[in-house]
Amino acid sequence: MEHASSILIPAAVGALVGAAFVFFARWSERYPQAGSRRALAYGLIATAALYVGLAFASDNPKAWFGIEMTGFAIFGSFALLGLVGSPWWLAIGFALHPFWHLQFHYLGTGSEFTPAWFTLGLTGFDLAVAAYVVYAILRGADPQLQRRRPSAALGESLDEPGRPLTRNERRIAKKSR
């Protein structure tokens with residue numbers, strides 16, 4: 001049996017890194033080409049890609065590469081869906097990712113080549129980011145994580161319902177379809 005501190009300390013450090021990442025994602029919201037939703041999606045892709053790199057440290061890299069690429073495809077899909085669709089996909093992806101790496105890399109045979117502190121730290125990171133995404137969606141704390149209003153796509157301005165859309169507003173509405 002492991003001591004609670006050997007589990008809680010890496011998870012807490014990971015959660016702190018997750019909080020720093022969330023701060024970075026919110027800060028990137030100021031730049032329209034970077035947006036917080038995009039930063040969060042890239043973060044989910046990066047966390048899945050970390051384990052693809054670790055697959056090469058195993059005794060059987062070909063088998064583990066296949067397993068990790070499956071996880072990369074699953075969580076990359078969550079990231080893509082969260083980027084172009086509902087932000088809830090990002091919350092689901094970050095919330096489910098700990099189950100993947102705890103199953104394969106902490107409890108499973110991947111623990112032979114994956115350090116426990118890494119898996120536990122990434123668990124804390126994923127859960128902290130998932131908690132932020134859920135909070136931001138429910139409380140409206142991050143405008144990038146809100147669903148797009150359908151009236152913009154129908155040719156009405158959000159500011160003044162009777163006013164037609166400007167060229168830039170039409171371009172944004174066209175991209176959201």
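**Note on F104, Y51 and the second largest pocket**

1. F104 counts as partly exposed, at 27% relative accessibility. The model is a predicted one, and the values below are computed from it.

2. There are 11 aromatic pairs in the structure. In one of them, the ring centres of W64 and F104 lie 6.5 Å apart with planes at 90 degrees, so the pair is edge-to-face. W64 belongs to helix 3 (residues 61-84) and F104 to helix 4 (residues 88-107), so this pair ties together parts 40 residues apart in sequence.

3. W64 has a relative accessible area of 10% and is buried, being under the 20% cut-off. Both W64 and F104 belong to one aromatic cluster, together with F75, F78, W89, W100 and F113.

4. Y51, a residue of helix 2, is buried at 1% relative accessibility. Its C-alpha atom is 6.3 Å from that of E68, which is 17 residues away along the chain. Beyond its neighbours within four places in sequence, Y51 is in contact with E68, three histidines (H97, H101 and H105), T114, F118, T119 and L122.

5. The second largest pocket holds about 220 Å³ of space. Its lining includes F118 and L122, which are also among the contacts of Y51. Other lining residues include P10, V13, T47, L50 and W117.

6. Helix 1 (4-27), helix 2 (36-54) and helix 5 (116-139) each supply at least two residues of this lining. Helix 5 gives the most, with five. By type, the lining has eight nonpolar residues, three polar and no charged.

Notes:
Residues are numbered from 1 along each chain as its sequence is written. This is a predicted model: local features need pLDDT of at least 70, side-chain atom pairs count only at pLDDT 80 or more; totals for chains, interfaces and linings use all residues. Side-chain values use heavy atoms; hydrogens and water are left out. On a 1 Å grid over the protein atoms alone, a cavity is a set of points where a 1.4 Å probe fits but cannot get out, and a pocket is an open set with protein on both sides within 12 Å along at least five of seven lines; lining residues have an atom within 4 Å of a point. Grid points are joined across faces, edges and corners, and a volume is the space filled by probe spheres set on the points. Helices (H or I, at least four residues) and strands (E, at least two) are DSSP runs, numbered from the N terminus. Ala, Val, Leu, Ile, Met, Phe, Trp, Tyr, Cys and Pro count as nonpolar, Asp, Glu, Lys and Arg as charged, and the others, Gly among them, as polar. Buried means under 20% relative accessible area, exposed over 50%, partly exposed in between (1.4 Å probe, protein chains only). Contact means heavy atoms within 4.5 Å. Rings of Phe, Tyr and Trp (its six-membered ring) pair if their centres lie within 6.5 Å; planes under 30 degrees apart count as stacked, over 60 as edge-to-face and the rest as tilted.
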